Amino acid sequence: MIRRALCFPSFIRKSLLIPPVISPYSNSSSKIGAYNGYASQTSSLEVPDSAPYRENDEYADVDWDNLGFGLMPTDYMYVNKCGAGQHFGHGQLNPYGNIHLSPSAAVLNYGQGLFEGTKAYRKENGQLLLFRPEQNAIRMKSGAQRMCMEAPSVDQFVNALKQTALANKRWVPPPGKGSLYLRPLLIGSGAVLGLAPAPEYTFLIYASPVRNYFKEGSAPLNLYVEENFDRASRRGTGSVKTISNYAPVLMAQLRAKKNGFSDVLYLDSATKKNLEEVSSCNIFIAKGRCISTPGTNGTILAGITRKSVIELARDHGYEVEERAVAVDELMEADEVFCTGTAVGVAPVGAITYQNTRMEYKTGSGTICQELYNTLLGIQTGVIEDKKGWIIEID
Ligand code: COI
């Protein structure tokens, strides 16, 4: 939680808390005119996509011990625009703030938009680390194809992430206290009236320091198997990280939370017999040394944490199956856990299905904890990255 910032409107907060920024691209050490009172949309910083942008190394005034997953605006966001049928060029870092959109922007009217999520970690030596950012770029490109949108190239995407993380470096939590969540968005920002792809696209990235996603912290989750609502349908967009997949889960999620559950576990819409995923993450079950997770058949989001956990589990000698996982298998499972960028690798302590509550092993000695420790160790630079998953950016 920001201590001082809460007392002031954001433009005052910025002028109070943010030290002047020295451009690494100017010949002199002239200050960028971003914080002369109002954080205006025009006081932006144009930077070449390949060049690193360096903020000073101070920490922001944040209570690092009490981070959750609430939005805490940081200094800069990255913005890049491109017309339909064109390619993205250079983007720029703007002060974090509202964006201007036509009321008839395709994203507002027809949901033509994608988002991504990835995290920057601070290593003990102060370096920032990104985890497999090219995987987010690839997923955004394929999602953009499905949603008839222009997308940044993989290099543009990764460079934009690096710039955003570096420009907001003082918001990256100290080692062991969390990470800087980076949220890339690709939206149809151009105006339409009839249903059609937008004539203009905006790619932007904003950031927020985060720690635990669920209010449970790192305590086991208590899930509810939802049978009245579906998350995705065959040949729909369940596998795409489109914004339009997420608002529809809110009703079931809110109802489950009201009834004391952490979140909702969906079943496949066609048969209602197989597990799909939780509102915001993938699901795994473990029985003995065999781990199973629903295969990416078109309705399941191909999570980057999911893919990484599968690889790590195989490295650790577990058998991993990607297949249809029957809801009935929940009765026999030893462990259940969730994976996702925001969620990490989160233990599930209980699942309620048709009025039956099933409980699972959690805590020390579990597969979940082993995989969590390994993954987080690699992400934070504590465990050597032998897979080329980590990009050091400072
Ligand atoms: C993530 O895990 O990063 C996501 O994008 C899920 C979101 C609902 C928080």
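This passage describes the surroundings of the ligand in a predicted model.

The ligand occupies a space that ranks as the second largest pocket. Around the ligand stand Phe 115, Gly 117, Tyr 181, Arg 183, Tyr 213, Lys 241, Ser 280, Thr 341 and Ala 342, and when this shell is sorted by class, it comprises four nonpolar, three polar and two charged residues. The shell is also shared between two parts of the protein, since at least three of its residues come from domain 1 (15-25 + 32-211 + 383-393) and at least three from domain 2 (221-362).

Several members of this shell approach oxygen atoms of the ligand with N or O atoms of their own. In the case of Tyr 181, a polar atom of the side chain is found 2.5 Å from a ligand oxygen atom, while for Lys 241 the distance between an N or O atom of the side chain and an oxygen atom of the ligand is 2.9 Å. Ala 342, by contrast, contributes through its backbone, of which an N or O atom lies 2.8 Å from an oxygen atom of the ligand. With regard to surface, the ligand taken alone exposes 280 Å², and 90% of that area is buried by the protein.

Note on methods. Residues are numbered from 1 along each chain as its sequence is written. This is a predicted model: local features need pLDDT of at least 70, side-chain atom pairs count only at pLDDT 80 or more; totals for chains, interfaces and linings use all residues. Side-chain values use heavy atoms; hydrogens and water are left out. A residue is near a molecule or strand if one of its heavy atoms lies within 4 Å of it. A polar contact is a pair of N or O atoms within 3.5 Å; within protein, one must be able to donate a hydrogen and the other to accept it, and residues adjacent in sequence count only if both atoms are side-chain atoms. Accessible areas come from the Shrake-Rupley method with a 1.4 Å probe; for residues, only the protein chains shown count as cover. On a 1 Å grid over the protein atoms alone, a cavity is a set of points where a 1.4 Å probe fits but cannot get out, and a pocket is an open set with protein on both sides within 12 Å along at least five of seven lines; lining residues have an atom within 4 Å of a point. A molecule sits in a cavity or pocket if more than half of its atoms lie within 2 Å of its grid points. Ala, Val, Leu, Ile, Met, Phe, Trp, Tyr, Cys and Pro count as nonpolar, Asp, Glu, Lys and Arg as charged, and the others, Gly among them, as polar. Domain bounds come from an automatic or database domain assignment.
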